[in-house]
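Work through the exercises below with the structure open beside you. Try each task before reading its solution.

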There are 2 protein chains.
Amino acid sequence: MAWFGRHGDGAEHRPRGRGREPQRVERVGLDDLTPDPIAVLGQAAYLQLGHFEALSRAASTAPTLEAKGSLSAAAGKVLAKHSAIIAELDSRGADSSAAMSVHTAAIDRYFEMVQGADWYEDLASIYFTSGLLDDFFGRITGNLDGGAKISASISSDAGSEDIVQLLADGMSKDPRLASRLAVWGRRLVGDTLLMARSALPHPVNPPAGEARIEPVLTELMADHTRRMDRLGLTA
Amino acid sequence: MAWFGRHGDGAEHRPRGRGREPQRVERVGLDDLTPDPIAVLGQAAYLQLGHFEALSRAASTAPTLEAKGSLSAAAGKVLAKHSAIIAELDSRGADSSAAMSVHTAAIDRYFEMVQGADWYEDLASIYFTSGLLDDFFGRITGNLDGGAKISASISSDAGSEDIVQLLADGMSKDPRLASRLAVWGRRLVGDTLLMARSALPHPVNPPAGEARIEPVLTELMADHTRRMDRLGLTA
């Protein structure tokens, strides 16, 4: 959970010749990578709105009433995350619309790119992209001063069990769907990592800074692979 | 609020020659018109899902972040009504999916008919149709045994103030929009009254029964006219 706060991440990437000063290295790492709270919360809020729209679209085109019900309920949970982030922005004295507006163009473009060719690909997009981004934003908001509560809200589950079940049902009926979703799941991850990456400030000291970001992205990739595995898809 | 329970509504339509027995007439009226609770709740639940879908579609195509925010919040409130009705069906031992499934074909067709030609017509549809139907279902569920709580939930406001404001803003920018919405508001009402009417059982004694339903529909029409007035549209 607490990668940015974890001691040692930065140390691996220190020049080998230097002495052991993990505390100091860590502090530099945090200064370097901790983003502006309002910018991060604005991005997270608008991303939740995008996930909400994708889920409610999937609910409205669901083939069964049960699927419609569980996807609508999931949409409601995602909307609650969005509202919690807006409340957090309000409580920090920020104009939440202004905080989101700087991100709308990039995020709208992102959601167009991860829109699937059919209902199942859309479901897979929701599962993979919200999984990765909620992990990520849950973690970085957890590093903000007073961010524990909003981090817990962003990290909370929003119906992933039901979505996995719907995808598993689809694959059991159509074996070719699995290979299609495996390709789709791999295609999504690049744009999604870039979306996560964009929340982090450009490091003051580029090569060393990027090296510190690398393990973060590696860990997100590993979590993505676990989600692929959960669906029985080889990542 | 309590038309079905209100004394006297039925009396107006009694043959003039009979004596004054309002209590007895009223009881016959209720027996005749009180629908099956599970059927009504199933219809109300699926209608809320339709309103939710319309609102979340309007949110996703909203021209401003503020509109997107308020429509998403309204969608969340409508989803809460849906969930409350599902919980009510559960607590009455009903299979909520089965209770909704008998209504899906008619309701899907209805929502196709009331879909507007653009975003503003869609907003107007949401305002007029959910206004009328929430009034109606709030009232008939209020007459069910133990229906007070679910009636209050269905009757509760779900962002109508914001929708009225968005429509007013649109009309102030484009004066022709008002005449278009006036026509649209009149067109919607017929299908919406039929949707409400379909929740009531066919009276055992057709002409007298229909006469008792008439004031109900008249009252719904009057409320619709008030909503038109609120937008400055001549009904």
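**Exercise 1: The interface**

Across the interface of chain B and chain A, 2 salt bridges are found. The model is a predicted one.

Task: State how many residues each chain gives to the contact, and what area the chains bury between them.

Solution.
- Step 1. Chain B supplies 18 residues to the contact, and chain A supplies 18 residues.
- Step 2. Chain B and chain A bury about 1,500 Å² between them. Carbon and sulfur atoms hold 71% of that area.
- Step 3. Take a salt bridge between the chains. The side chain of A:Glu53 meets that of B:Lys68, at 2.8 Å from N to O.

**Exercise 2: Symmetry**

Task: Find the operation that lays chain B on chain A.

Solution.
- Step 1. A turn of 180 degrees does it, with a shift of 0.0 Å along the axis and an RMSD of 0.0 Å.
- Step 2. The two copies are therefore related as by a two-fold rotation axis.
- Step 3. The same surface serves both copies, as 100% of the contact residues of chain B recur in chain A.

**Exercise 3: The fold of one chain**

Task: Describe the secondary structure of chain A and the share of its residues that are buried.

Solution.
- Step 1. Chain A has 10 helices and 0 strands. From the N terminus on, the order is α-α-α-α-α-α-α-α-α-α.
- Step 2. Of the 235 residues in chain A, 53% are buried.
- Step 3. Consider the contacts in chain A with a separation of 6 or more. Residues 24 or more positions apart account for 78% of them.

**Exercise 4: Two faces of a helix**

Task: Decide where the buried residues of α8(B) lie around its axis.

Solution.
- Step 1. Helix α8 of chain B covers residues 160-173, which is 14 residues. From first C-alpha to last, α8(B) reaches 20 Å, close to the 20 Å expected at 1.5 Å a residue.
- Step 2. List the buried residues of α8(B): B:Ser160, B:Ile163, B:Val164, B:Leu166, B:Leu167, B:Gly170 and B:Met171.
- Step 3. Seen down the axis of α8(B), these buried residues fall within an arc of 160 degrees, so they line one face of the helix.
- Step 4. Now turn to the face away from the buried side of α8(B). It carries the exposed residues B:Glu161, B:Ser172 and B:Lys173.

**Exercise 5: Buried residues and their contacts**

Task: Place B:Leu233, A:Ala199 and A:Ser96 in their chains, then list what each touches.

Solution.
- Step 1. B:Leu233 lies in the segment after α10 (206-230) of chain B. Its relative accessibility is 2%, so B:Leu233 counts as buried.
- Step 2. Leave aside neighbours within four places in sequence. B:Leu233 then contacts B:Phe128, B:Met171, B:Ala178, B:Leu181, B:Ala182 and B:Met228. B:Leu233 and B:Ala178 are 55 residues apart in sequence and 6.8 Å apart in space, C-alpha to C-alpha.
- Step 3. A:Ala199 sits in the loop between α9 (175-197) and α10 (206-230) of chain A. At 8% relative accessibility, A:Ala199 is buried.
- Step 4. Not counting residues up to four places away in sequence, A:Ala199 touches A:Pro35, A:Val40, A:Gln43, A:Phe136, A:Phe137 and A:Ile140.
- Step 5. A:Ser96 is in helix α4 (residues 96-101) of chain A. A:Ser96 is buried, at 13% relative accessibility. Beyond residues up to four places away in sequence, A:Ser96 touches A:Ile86, A:Leu89 and A:Asp90.

**Exercise 6: Salt bridges of α10**

Task: Trace which parts of chain A are linked by A:Arg227 and by A:Arg230.

Solution.
- Step 1. The side chains of A:Arg227 and A:Asp135 meet in a salt bridge, 3.8 Å from N to O. The pair links helix α10 to helix α6 (residues 119-142) of chain A, 92 residues apart.
- Step 2. A:Arg227 is buried, at 11% relative accessible area. A:Asp135 is partly exposed, at 22%.
- Step 3. A:Arg230 forms a salt bridge with A:Glu161, with the closest N and O atoms 3.2 Å apart. A:Arg230 is in α10 and A:Glu161 in α8 of chain A, so the pair ties together parts that are 69 residues apart in sequence.
- Step 4. Within α10 of chain A, A:Asp223 and A:Arg226 are 3 residues apart, about one helical turn. Their side chains meet in a salt bridge at 2.2 Å, N to O. A:Asp223 is buried, at 8% relative accessibility, whereas A:Arg226 is exposed, at 51%.
- Step 5. Salt bridges that share partners join A:Asp135, A:Arg139, A:Glu219, A:Asp223, A:Arg226 and A:Arg227 into one network.

Methods:
Residues are numbered from 1 along each chain as its sequence is written. Chains are lettered from A and ligands numbered from 1 in the order in which they are written. This is a predicted model: local features need pLDDT of at least 70, side-chain atom pairs count only at pLDDT 80 or more; totals for chains, interfaces and linings use all residues. Side-chain values use heavy atoms; hydrogens and water are left out. Helices (H or I, at least four residues) and strands (E, at least two) are DSSP runs, numbered from the N terminus. The expected span of a helix is 1.5 Å times one less than its number of residues. Buried means under 20% relative accessible area, exposed over 50%, partly exposed in between (1.4 Å probe, protein chains only). The arc is that of the directions from the helix axis to the C-beta atoms. Copies are superposed by least squares on the C-alpha atoms of residues with pLDDT of at least 70 in both. Contact means heavy atoms within 4.5 Å. Buried area is the accessible area (1.4 Å probe) that two parts lose on being put together, summed over both. A salt bridge is a side-chain nitrogen of Lys or Arg within 4 Å of a carboxyl oxygen of Asp or Glu.
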